[in-house]
Amino acid sequence: QVQLVESGGGLVQAGDSLVLSCAASARIFSLDAMGWFRQAPGKEREFVASVRWSGGNQYYSDSVKGRFTVSRDKANSAVYLQMNSLKPEDTAIYFCAASITYSSRENYYTTISGFDYWGQGTQVTVSS
């Protein structure tokens, strides 16, 4: 059973930066994408960013575009999220996800149903 382990969360002030990391406990074969979702208190889990494994195409939600950058480490089945200019509304639990399901639809890897493995989450709190 593959496990995804996130790290890098914490408490920061508005305008600060953080880097989240996610590594798989074992090599994931036929990996199509990895990504990040977040869930704020009282809200549904939402897409943040994802990256296609073979071509490296990146996808972002409108709320983080231009501030966050997703990157991958193919050799280690790892994904990172560089978060700059953090805002209080970025406060949430951030979840790493991995997809082993191929789809030609680009928006497939921006949906919860597009991912097969999930991490336990890491808390990011941004104070004003």
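How far from the centre of the ring of W118 is the charged end of R45? In this predicted model, the distance is 5.0 Å, and the charged end of R45 sits over that ring. R45 has a second ring beneath its charged end: the ring of F95, with 3.7 Å to its centre.

**Aromatic rings**

W118 also belongs to an aromatic cluster, together with F37, F47, Y108, Y109 and F115. Across the whole structure, a search finds 6 aromatic pairs. One of them is formed by F37 and F47, whose ring centres are 5.6 Å apart; their planes meet at 70 degrees, so the pair is edge-to-face. An angle counts as edge-to-face when it is over 60 degrees. The pair links distant parts of the chain, since F37 is in strand β4 (residues 33-39) and F47 is in strand β5 (residues 46-52), with their positions 10 residues apart in the numbering.

Are F37 and F47 buried or exposed? F37 has a relative accessible area of 0% and is therefore buried. F47 has a relative accessibility of 13%, so F47 counts as buried too. The cut-off behind both statements is that buried means under 20% relative accessible area.

Another pair in the structure is Y109 with F115. The ring centres of Y109 and F115 are 6.4 Å apart and the planes stand at 80 degrees, so this pair is edge-to-face. Y109 and F115 are both buried.

**The largest pocket**

The largest pocket holds about 190 Å³ of space. It is lined by 13 residues, and the closest to its centre are R38, K43, E46, E89 and D90. What kinds of residue make up the lining of the largest pocket? The lining divides into 8 charged, 3 polar and 2 nonpolar residues.

**The loop between β6 and β7**

S61 and D62 are both placed in a loop. For D62, this is the loop between β6 (58-60) and β7 (68-73), and S61 is found in the loop between β6 and β7 as well. The two residues differ in their accessibility class: S61 has a relative accessible area of 13% and is therefore buried, whereas D62 has 70% relative accessibility and so counts as exposed. The second class applies to values over 50%.

Each of the two residues has a polar contact through its side chain. The side chain of S61 is joined to that of S63 by a polar contact of 3.1 Å. The side chain of D62 is joined to that of K65 by a polar contact of 3.4 Å. D62 can also be placed relative to W36: these residues are 26 residues apart along the chain, and their C-alpha atoms are separated by 14 Å.

**Three more serines in loops**

The table lists S77, S85 and S103 with their loops and relative accessibilities.

| Residue | Loop | Relative accessibility | Class |
|---|---|---|---|
| S77 | between β7 and β8 (78-83) | 1% | buried |
| S85 | between β8 and β9 (92-99) | 41% | partly exposed |
| S103 | between β9 and β10 (117-118) | 10% | buried |

Why does S85 count as partly exposed? Its relative accessibility is 41%, and partly exposed covers the values between the cut-offs of 20% and 50%.

What is the phi of S77? S77 has a positive phi of about 50 degrees, although S77 is not a glycine. For S85, phi is likewise positive at about 50 degrees, and S85 is not a glycine either.

S103 has a contact that involves the backbone of another residue. A polar atom of the side chain of S103 lies 3.1 Å from the backbone nitrogen of R105. The C-alpha atoms of S103 and V79 are separated by 20 Å, and these two residues are 24 residues apart along the chain.

How values were computed. Residues numbered from 1 in each chain as written. Heavy atoms only, no water. 1 Å grid on protein atoms, 1.4 Å probe; cavity = no way out; pocket = protein on both sides within 12 Å on 5 of 7 lines; lining within 4 Å. Points joined across faces, edges and corners; volume = space filled by probe spheres on them. Nonpolar A, V, L, I, M, F, W, Y, C, P; charged D, E, K, R; others polar. Helix = DSSP H or I, 4+ residues; strand = E, 2+ residues; numbered from the N terminus. Buried < 20%, exposed > 50% of the residue type's maximum accessible area, 1.4 Å probe, protein only. Polar contact = N/O pair within 3.5 Å; in protein donor to acceptor, adjacent residues only side chain to side chain. Phe/Tyr/Trp six-rings, centres within 6.5 Å; stacked < 30°, edge-to-face > 60°. Lys NZ or Arg CZ within 6 Å of the ring centre and 35° of its normal.
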